[in-house]
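Subject: Structure for you to look at

Dear colleague,

I am passing on the structure that we talked about, and I would be glad if you opened it before reading further. My notes on what was found follow below it.

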Amino acid sequence: MIVLKTSRELAVMREACRISAGALQVIGRAVEPGVTTAELDRLAEAYILSEGATPNFKGYQGFPATACISINNEVIHGIPSKHRKLKEGDIVSIDLGAQFEGYHGDNAATFAVGDVSEEAKRLMDTTKESLYEGIRMARAGGRIGDISHAVQAYVEAHGYSVVRQYVGHGVGTSLHEAPEVPNFGTPGRGIRLMPGMTLAIEPMVNAGGEKVKVLPDGWTVLTADGSLSAHFEHTVAITADGPQIMTVA
Ligand code: MG
């Protein structure tokens, strides 16, 4: 069931989203060669708690941390570790959210660790821009497929592929709720978009093929061909005045 939020509900949810965005910013500023992914995770958790919210990934289906931290060929759901240090030239995808007064925010970004290759930069830029291409189509009266297609078309025009096995989602009083928001699809198809819908739009883009595999830890998703992957995400509200990005710090 798709839940439409009232403007009062959106106001509370905007606070959850603001805290989610703030936590991502805090982590982003701390990304540098030598830092462990566990240290980054701790910073995000401390920030979220200091804002009176709770990290909504922690404990979700047993996930052990505040942030998913995925390096290079890892796509999503990487587990922070005190044994894992970022290195110059890595790209690191960080996905996290906060719950505040019963509402959830969810956002992600890929960061460069020091100087990265031109190819890595282009992948990150393309993925970020594909998110905004999708957001632009998050308009009342349109369809989910309009968002999906906009992301896919932009990514594929740049020679990359979108991950199909994992998709964006509705978000609200649950971290994941209906509808699914695939990063591939056909314009004019799928659920009709209505004011009050809140969607986590989150392109996961591989430099190589779309196929992914999961590590034996049961969480970490990697590209099957070992190519780099990037991930950007915003929580977006559909309003009568057009799409509104909620995850802004
Ligand atoms: Mg998400």
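Val116 is a good place to begin, because with a relative accessible area of 11% this residue falls under the 20% cut-off and so counts as buried. Please keep in mind throughout that what you have is a predicted model. Val116 is found in the loop between strand 7 and helix 3, and, when its neighbours within four places in sequence are left aside, Val116 is in contact with Gly89, Asp90, Ile91, Lys121 and Met124. One of these partners shows how the chain folds back on itself in space: Val116 and Ile91 are 25 residues apart along the chain, while their C-alpha atoms are separated by 7.4 Å.

Gly114 lies in that loop too, between strand 7 (107–112) and helix 3, but Gly114 counts as partly exposed, at 41% relative accessibility. Apart from neighbours within four places in sequence, Gly114 is in contact with Pro33 and Glu88. If you measure from C-alpha to C-alpha, you should find Gly114 and Glu180 to be 35 Å apart in space, with their positions 66 residues apart in sequence.

Following the chain onward brings you to helix 3, which covers residues 118–136 and contains Thr126. Is Thr126 buried or exposed? Its relative accessibility is 3%, so Thr126 counts as buried, and beyond its neighbours within four places in sequence it is in contact with Tyr154, Val155, His158 and Tyr160.

After helix 3 comes the loop that leads to helix 4 (144–157), and Ala140 lies in this loop. Ala140 is partly exposed, with a relative accessible area of 39%, and its contacts, leaving aside neighbours within four places in sequence, are Leu193, Pro195, Ile238 and Thr239. Ala140 and Ser117 are 23 residues apart in sequence, and the distance between their C-alpha atoms is 39 Å.

The metal site deserves a careful look as well. Which residues supply the protein donors of the magnesium ion? They are Asp106 (OD), His169 (NE2), Glu202 (OE) and Glu233 (OE), and they lie 2.1 to 2.5 Å from the ion. Written along the chain, the donors follow the spacing D-x62-H-x32-E-x30-E. The two glutamates link distant parts of the chain, since Glu202 sits in the loop between strand 11 (198–201) and strand 12 (204–206), whereas Glu233 sits in the loop between strand 15 (229–231) and strand 16 (234–239), 31 residues apart. Both Glu202 and Glu233 are buried.

Some details of the backbone are also worth finding on your screen. The peptide bond from Ala178 to Pro179 is cis, with omega near 0 degrees, and Pro179 has its place in strand 10 (residues 177–181). Asn72, in the loop between strand 2 (67–71) and strand 3 (74–76), has a phi near 55 degrees, which is a positive value in a residue other than glycine. Glu101 likewise has a positive phi without being a glycine, with a value near 45 degrees, and it lies in the loop between strand 5 (98–100) and strand 6 (103–104). As for their surroundings, Asn72 has a relative accessible area of 19% and is buried, whereas Glu101, at 61% relative accessibility, counts as exposed.

Finally, here is the protein as a whole. It has 4 helices and 17 strands. Its radius of gyration is 17 Å, close to the 18 Å that the globule rule gives for 249 residues, so the protein is as compact as a globular protein of that length. The C-alpha atoms fill a box of roughly 45 × 40 × 30 Å along the principal axes. Of the 249 residues, 53% count as buried, and among contacts between residues at least 6 apart in sequence, 70% join residues at least 24 apart. The protein exposes about 10,300 Å², of which carbon and sulfur atoms supply 52%. It carries 22 positive and 29 negative charges, and the mean positions of these two groups are 2 Å apart.

With best wishes

Technical notes
Residues numbered from 1 in each chain as written. Predicted model: local features only at pLDDT ≥ 70, side-chain atom pairs only at ≥ 80, totals over all residues. Heavy atoms only, no water. Donors = N, O, S within 2.8 Å, 3.2 Å for Na, K, Ca; no water. Buried < 20%, exposed > 50% of the residue type's maximum accessible area, 1.4 Å probe, protein only. Rg over C-alpha atoms; globule rule 2.2 N^0.38 Å. Contact = heavy atoms within 4.5 Å. Areas by Shrake-Rupley, 256 points an atom, 1.4 Å probe, with all protein chains shown as cover. Lys, Arg positive; Asp, Glu negative; His and termini not counted. Charge placed at Lys NZ, Arg CZ, Asp CG, Glu CD.
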